[in-house]
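Trainee: Hey, have you got a minute to go through a structure with me? I'd like to learn how to read one.

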Amino acid sequence: MVKKTLIAATAISLSAMALTACGSDSDSSAGADGDSGNGSITMGFAQVGAESGWRSANTKSIEDSAKEAGIDLKFSDAQQKQENQIKAIRSYIQQKVDVIAFSPVVETGWDTVLQEAKRANIPVILTDRAVDSEDTSLYKTFLGSDFVEEGQKAGQWLVDNAADSDVDGDGDIDVVQLEGTTGAAPAIDRGEGFADAISADPKISVIASQTGDFTRDGGKQVMESFLQSEKGIDVVFAHNDDMGLGAIEAIKAAGLTPGKDIKIITVDAVKDGMTALAAGEINYIVECNPLLGPQLMDLAEKVVAGEDVPERVVTEETTFDQEQAAEALPTREY
Ligand code: AHR
């Protein structure tokens, strides 16, 4: 018996070491076996990374809400690598947590590990991003934004403001797109929604599109290369604020004025993005709400109690122009 416990404890600490080696993890619970000893729920959360202001706000919301709900949170940061997320999920299965939640870095490639969770009878909740799997029994619910709609809202603003967006006056509105992480749901869906909306105006076209991996540095580098390779850029559509902020740096370095010489549309509405919008350096932001923690904890409690939950919970979101950003900024939470 003692020997068995020792072997199990060694296996758990080895897997914890492996997890630490490939990403970073933290544990707010007392026990290492998924049971905090006080009868509360233990959640294993596999986060994408810390790539953007949005992600930091999302992580804080999850940590704060877990504390508030008395849920023991085991948290890991996958540094934007799918293999790290898979390792984290396997470690949570081994630790027999009560529920696993994660925001999949990319859409595909999850079936095997989710089947392992299902076999272990551990319910899974998707937050923020979806998986592309035909077997919807592999997760209980998906809480997050409608990314296609976000892209459509961005494109619709451009269609509505087409007359002011032909900055070089050549009769066409030439857009460059800074895509999110390749294969990630928000990159795929925002791109699709935007393309769908701008198809209403044949003068608008995306002349170049490349991933900036949702990071500020990525956005800056891709924009620098667009400024060299493309003539007459009128508009930047960045799949998140951070890449838009990186593009602003590149545009300024090229001696141009962001928001005037090149219009900028982004998604998220985090504080840094809203500050740039209020200052006139961004023209429009579609909100993507990162404060998913309270709803996630509520869903987790229900799922662990065996209660029914909706298959899909869509986050409510709005949009901001420059005036609205100035009004909203003083009370903006993130
Ligand atoms: O999945 C949500 C997206 O991921 C946010 O828009 C972006 O900022 C983040 O990195």
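**Walking through the strands and helices**

Mentor: Sure, and keep in mind that this is a predicted model. In it, Ile125 stands opposite Thr141 in strand S6.

Trainee: Okay, so how do S5 and S6 run, and how many bridges join them?

Mentor: Strand S5, residues 124–127, and S6 run parallel, with three bridges joining them. S6 also pairs with strand S12, residues 312–314, in the parallel sense over three bridges. There, Val313 in S12 is the bridge partner of Leu143.

Trainee: Which way do the residues of S6 point, and are they buried or exposed?

Mentor: Thr141 and Leu143 point one way, while Phe142 and Gly144 point the other way. All of them are buried.

Trainee: Switching topic: what about the open sheet, in what order do its strands come?

Mentor: The order is S8-S7-S9-S10-S11-S13, six strands with mixed pairing. Strands S8 (204–211) and S13 (319–320) stand at the edges with a single partner strand each, so one side of each has no neighbour in the sheet.

Trainee: And which helix packs on that sheet?

Mentor: Helix H9, residues 241–253, does, touching S7, S9, S10 and S11. The direction of H9 makes about 155 degrees with that of S10. As for S9 and S10, they run parallel and three bridges join them, with Ile264 in S10 as the bridge partner of Val236.

Trainee: Now H8. How many residues does it have, and how far does it reach?

Mentor: H8 covers residues 216–229, so to speak a run of 14 residues, and reaches 20 Å from its first C-alpha to its last, close to the 20 Å expected at 1.5 Å a residue. Its buried residues are Gly218, Gly219, Val222, Met223 and Phe226.

Trainee: Why do those buried residues line one face of the helix?

Mentor: Looking down the axis of H8, they fall within an arc of 120 degrees, so they line one face. In general, an α-helix has 3.6 residues a turn, so residues three or four places apart point the same way.

Trainee: What covers the buried residues, and which ones are exposed on the other side?

Mentor: The cover includes S7, S8, S9 and H9. On the other side of H8, Asp217, Gln221 and Gln228 are exposed.

Trainee: Last thing: how many aromatic pairs are there?

Mentor: The count is four. One of them is Trp157 with Tyr284, which is stacked, at 5.2 Å centre to centre and 15 degrees between the planes. Trp157 lies in helix H5 and Tyr284 in strand S11, so the pair ties together parts that are 127 residues apart in sequence. Both Trp157 and Tyr284 are buried.

Technical notes
Residues numbered from 1 in each chain as written. Predicted model: local features only at pLDDT ≥ 70, side-chain atom pairs only at ≥ 80, totals over all residues. Heavy atoms only, no water. Buried < 20%, exposed > 50% of the residue type's maximum accessible area, 1.4 Å probe, protein only. Helix = DSSP H or I, 4+ residues; strand = E, 2+ residues; numbered from the N terminus. Pairing = 2+ DSSP bridges. Phe/Tyr/Trp six-rings, centres within 6.5 Å; stacked < 30°, edge-to-face > 60°. Contact = heavy atoms within 4.5 Å. Axes fitted to C-alpha atoms, helices over the stretch in contact; angles between N-to-C directions. Expected span 1.5 Å × (residues − 1). Arc of directions from axis to C-beta.
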